[in-house]
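Subject: Handover of a structure for your review

Dear colleague,

Please find below the structure that I am handing over to you. My notes on it follow directly after.

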Amino acid sequence: MVAQGLSLRRQQLAQDALEGFRELLHCLQGLPAAVPVLPLELTVICNFITLRASLAQGFTEDQAQGIQQGLERVLETQEQLEPRLECGLSALWDSVLHSSSLLPELLPALHHLAALQAALWLTTDHLGDLTLLLQTLNGSQSGASEDLLLLLKTWNLPAEESDAPLTIQDARGLRDVLLTASAYRQGLQELITGRLSRALSSLHEAASGLCPQPVLVQVYTALGTCLSKMGNPQRALLYLLSALKGGSTWGPALLEASRLYRQLGNTAAELESLELLVETLSITHGSEAPQLLIEVELLLPRPEPASPLYCGTQSQAKYLLASRCLQTGRAEDAAEHYLDLLALLLDGSEPKISPPPCPTGPCMPEVFLEAAAALIRAGRAQDALTVCEELLSRMSSLLPKMPQPWGNARKGTKESPHCPPWVSATHLLRGQAWVQLGAQKEAISEFSRCLELLFRATPTDKEQGPASNCEQGCTSDVALQQLRAAALISRGLGWVTSGQDTKALQDFLLSVQMCPGNQDASFHLLQTLRRLDRRDEAIALWRRLEAQTKLPQENATWSLPLYLETCLSWICPHDRETLLEEFQTSLLEPCDL
């Protein structure tokens, strides 16, 4: 409470000082412009702009107007203002700096004002104007270097007189801040665009300059990202560890560390980093009182999703953690994290998921489906059924493009012919949950419901209009094909468990026909043909599978939703080579070989 009181008192004093500068400036500008008074007037303008930008934590149009008024006052003394009233700031600066060469007593204050102009143009990305200004300040010709960092380094600021008016922040301090901020911004942009060697050089330049600790943490994180992309994971890790030791802004460093550990195959460290990231993002950091100076942080852009310093929200981090636990077989942890994530999302504070670096991310229905898959894998089938039921009950509000929830057939209502595959996948997962609970009849019913919906909606349907990004991901030809195969194989396995091999045979045959590249269906079909003693068909199928296993395997060029990958893993026959060998031993006579 004492610290908060001091902070409020400090801000109030700063506001009082700002009003004092405003009144003084009003008095000075009420008089005709005169060279002897201009150093004081320009210094007051600089102090006013510095304090205003610091309190507002950014530059505004008002600051640009203040700079323009100062330049116009200089031109008034030279009787050059009238023809140049319509000039832009860049042309105005060119006129003032050429005129002021005859007025050396104005140069220190003008360079100070130019440093504030440089800060304004840097934050608004007017880099061309900034480059021209620095070239003029350095007395460069038109063919001079356009390297912004080099121009800032060679900027020779005039010495101030001992009796010069006092400044809140002098021009040399501003130049050092500009140099660090420019190097950092340039390094980030080069990192994003893939110019890694140049990014590394610019970021090292930022780290060696006037770099406050919070900014140094960000620079180290960017250096770690850059080195990781350059194939130097160990050096990258050293920078990330330095970033984690250097301050409280740990989010970006933790996210990048998790990516790096994943690249190195250290799953335990990767998940630990994500857990710490979730914890960090759950903490509400109190806002600190702004410094009464223009710091490097003030000149840096807010991280965007493409930036290596964007670590997202708590829900985005929680999703990364949950999905990685599911992918790496940590089913119990995945189940708990998904349930926490659903609770976080459904309370209304964070309405959607969009984990970095992907701007679209999974849709809410997919989060439900992944949660159900994780619960089934963790042996919590009843909880999975509850999650699926919740998804079905919410589907109409989650999918605004659907005119009505699916109706009751017994009441004669008609279901939408264009329902997304999420509902079909929900029934698939419900069926798997019933399988785990030993209820084969209910499981087969859910698999049949899944297939009914899948065969009713095809990816060629056009009447419903353009699909969202999320729908496009889950309605691709490959995803629908694999979803149908999963439902057919799952129902076929249900028939096998119920002792109805003939019905199982039909589902396995249909699955092979619809998805020729899915060998799981072929293996289940082979075993079913063997049990039904259909020897010739079994041998023909065995020969095809035997030939396929000897061919070089091509890497898949498509990806499936995580919940569907999980479902497919449950119906995959284990140790296919052993199955083929057993079949050869038990059914094939030597003459057949």
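Q65 is located in helix α3, which covers residues 61-77. With a relative accessibility of 41%, Q65 falls in the partly exposed class, because that class lies between the limits of 20% for buried and 50% for exposed. Its C-alpha atom is 9.5 Å from that of L89, although Q65 and L89 are separated by 24 residues in sequence. Please note that the model is a predicted one.

A second glutamine, Q135, belongs to helix α6, residues 127-137. Q135 has a relative accessible area of 6% and is therefore buried. Between the C-alpha atoms of Q135 and S145 the distance is 8.0 Å, and the two residues are ten apart in sequence.

As to the overall composition, the protein contains 26 helices and zero strands. Of its 593 residues, 48% are buried. If one takes the contacts between residues at least 6 apart in sequence, 67% of them link residues at least 24 apart.

Two helix pairs were examined. Two packed helices are described by the angle between their axes and by the distance between those axes.

The pair α10 and α12

Helix α10 comprises residues 213-229, and its axis comes within 9 Å of the axis of α12, with a crossing angle of roughly 20°. The two helices are therefore roughly parallel, since angles under 35 degrees are assigned to that class. The crossing of α10 and α12 is left-handed. On the α10 side, the contact involves T221, T225 and S228; on the α12 side, it involves P252, A253, E256, L260 and Q263. By class, the residues in this contact are three nonpolar, four polar and one charged.

The pair α13 and α14

How do the axes of α13 and α14 lie, and at what angle do these helices pack? Helix α13 (residues 267-282) packs against helix α14 (residues 314-327) at about 160°, and the axes are 8 Å apart. The pair is therefore roughly antiparallel, because the angle is over 145 degrees. Here, too, the crossing is left-handed. From α13, the residues in contact are E270, L271, L274, E275, L277, V278, L281 and S282. Their partners in α14 are Q314, A317, K318, L320, L321, R324 and C325. The contact of α13 with α14 comprises nine nonpolar, two polar and four charged residues.

Within α13, the buried residues are A269, E270, L271, S273, L274, L277, V278 and T280. Among the elements that cover them are α12, residues 251-264, and α14. Thus α12 appears in the contact with α10 and also in the cover of α13. The length of α13 can be checked as well: its 16 residues, at 1.5 Å each, should span 22 Å, and the distance between its end C-alpha atoms is 23 Å, so the two values agree.

Helix α21

Helix α21 runs over residues 477-497, 21 residues in total, and its first and last C-alpha atoms are 30 Å apart. This is close to the 30 Å expected at 1.5 Å a residue. Is α21 mostly covered or mostly exposed? It is mostly covered, with 15 of its 21 residues buried. Just after α21, G499 adopts a positive phi of about 80°.

Yours sincerely

Key
Residues numbered from 1 in each chain as written. Predicted model: local features only at pLDDT ≥ 70, side-chain atom pairs only at ≥ 80, totals over all residues. Heavy atoms only, no water. Axes fitted to C-alpha atoms, helices over the stretch in contact; angles between N-to-C directions. Helix = DSSP H or I, 4+ residues; strand = E, 2+ residues; numbered from the N terminus. Parallel < 35°, antiparallel > 145°, perpendicular 65-115°, else oblique. Left-handed = near helix turned anticlockwise from the far one by under 90°. Contact = heavy atoms within 4.5 Å. Nonpolar A, V, L, I, M, F, W, Y, C, P; charged D, E, K, R; others polar. Buried < 20%, exposed > 50% of the residue type's maximum accessible area, 1.4 Å probe, protein only. Expected span 1.5 Å × (residues − 1).
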